[in-house]
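Me: Please take me through the hollow spaces in this structure, starting with the enclosed one. I would like to know what lines them and how the parts around them fit together.

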Amino acid sequence: MKTDYLLHREVGHVLAALMPQNRLIARVCLHTGLRVGDVVSLRAQDIGLQMMVTEAKTKKRRRVGLTASLLAAIRAQAGPEWAFPGKRPGTHKTRQDGWAGLKRAARAFRLPQNVAPHSLRKVYAVELLERYGDIQRVQRALNHSSIETTLIYAMADKLLDAKLKQAKRRKRPA
């Protein structure tokens, strides 16, 4: 099942319901457009205001930036090896932990969408398109090979609007 886009107020609700480390991971995903697996596997010594990340899925490298406050928050909770340390010494947080936290938060607010970490990547894409109005820029930022794939992400808000309108029409009495 595909993940859905979240509206701004829903993003706020979900972030508020997450545990602090998961909230920070989600904030990094929202700010950078990185996949959750790439965020949780950041090494403590590699994080900075600007950094190069090799994406696990595509093996492509990309430059991402963090705000000073986001960087400070990551460093404040980082371990000696991993930016997001796991429960067991020497391990990093798992992407499944991030997934489970988002699912719990979405259920707590009874959100109708299928919410998962990839929903945050869609929010990033929509916001980038709104900010710059340049689909090629969004494509480069997401490291997509195909503009068609980028359009699915960058237009996720329009797709959600259509889904919600269709659901309302189905609920109306005849």
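Reply: Start with helix α2. It gives the largest share of the lining of the largest cavity, namely 4 residues. Keep in mind that this is a predicted model.

How many cavities are there? A search of the whole structure for cavities of 30 Å³ or more finds 1. The largest cavity holds about 40 Å³ of space. Its lining is made by L18, N22, I25, A26, C29, V36, G98, L102, P117 and L120. Helix α2 has partners here: α5 and α6 also supply at least two residues each. Now sort the lining by class. It has 8 nonpolar residues, 2 polar ones and no charged ones.

Pick one lining residue and look closer. V36 is part of the cavity lining, and it sits in helix α3. Is V36 buried or exposed? Its relative accessibility is 11%. The limit for buried is under 20%, so V36 counts as buried. Leave out residues up to four places away in sequence, and V36 touches I25, C29, R95 and P117. Three of these names should look familiar. I25, C29 and P117 also line the cavity.

V36 leads us on to an open space. The second largest pocket has a volume of about 270 Å³. It is lined by 15 residues, and those closest to its centre are R35, V36, G37, R95 and H118. So V36 lines the cavity and also lies among the residues closest to the centre of this pocket. R95, a contact of V36, is in that central group too. Helices α3, α5 and α6 each give two or more residues to the pocket lining. The classes here are 6 nonpolar, 4 polar and 5 charged. Recall that the cavity lining has no charged residues.

Next comes the largest pocket. Its volume is about 400 Å³. Which residues lie closest to its centre? They are H31, T32, Y124, L128 and R131, out of 17 lining residues. At least two lining residues come from each of α2, strand β2, α6 and α7. Helix α6 leads with 5 residues, the largest share. By class, the lining counts 7 nonpolar, 3 polar and 7 charged residues. Now link this pocket back to V36. R131 is one of the central residues here. V36 and R131 are 95 residues apart along the chain, and their C-alpha atoms are separated by 23 Å.

Helix α7 helps to line the largest pocket, and it also meets another helix. The axes of α7, residues 135–142, and α8, residues 147–154, come within 9 Å. They cross at roughly 95 degrees. The two helices are therefore roughly perpendicular to each other. On the α7 side, the contact uses I135, Q136, V138, Q139 and L142. On the α8 side, it uses I147, T150, L151, Y153 and A154. By class, the contact has 7 nonpolar residues, 3 polar and no charged.

Go back to the cavity for one more thread. L102 is among its lining residues. L102 is also in contact with V115. Where is V115? It lies in the loop between α5 and α6. Its relative accessibility is 2%. That is under 20%, so V115 counts as buried. Beyond its neighbours within four places in sequence, V115 is also in contact with L6, K103 and A106. From V115 to I74 the C-alpha separation is 24 Å, with these positions 41 residues apart along the chain.

The loop that holds V115 also holds R110. R110 is exposed, with a relative accessible area of 75%. One loop, two opposite cases: V115 is buried and R110 is exposed. R110 is no glycine, yet it has a positive phi of about 50 degrees. K59 is another non-glycine with a positive phi, about 65 degrees. K59 sits in the loop between β1 and β2, and it is exposed at 60% relative accessible area.

Terms used. Residues numbered from 1 in each chain as written. Predicted model: local features only at pLDDT ≥ 70, side-chain atom pairs only at ≥ 80, totals over all residues. Heavy atoms only, no water. Axes fitted to C-alpha atoms, helices over the stretch in contact; angles between N-to-C directions. Parallel < 35°, antiparallel > 145°, perpendicular 65-115°, else oblique. Contact = heavy atoms within 4.5 Å. Nonpolar A, V, L, I, M, F, W, Y, C, P; charged D, E, K, R; others polar. 1 Å grid on protein atoms, 1.4 Å probe; cavity = no way out; pocket = protein on both sides within 12 Å on 5 of 7 lines; lining within 4 Å. Points joined across faces, edges and corners; volume = space filled by probe spheres on them. Buried < 20%, exposed > 50% of the residue type's maximum accessible area, 1.4 Å probe, protein only.
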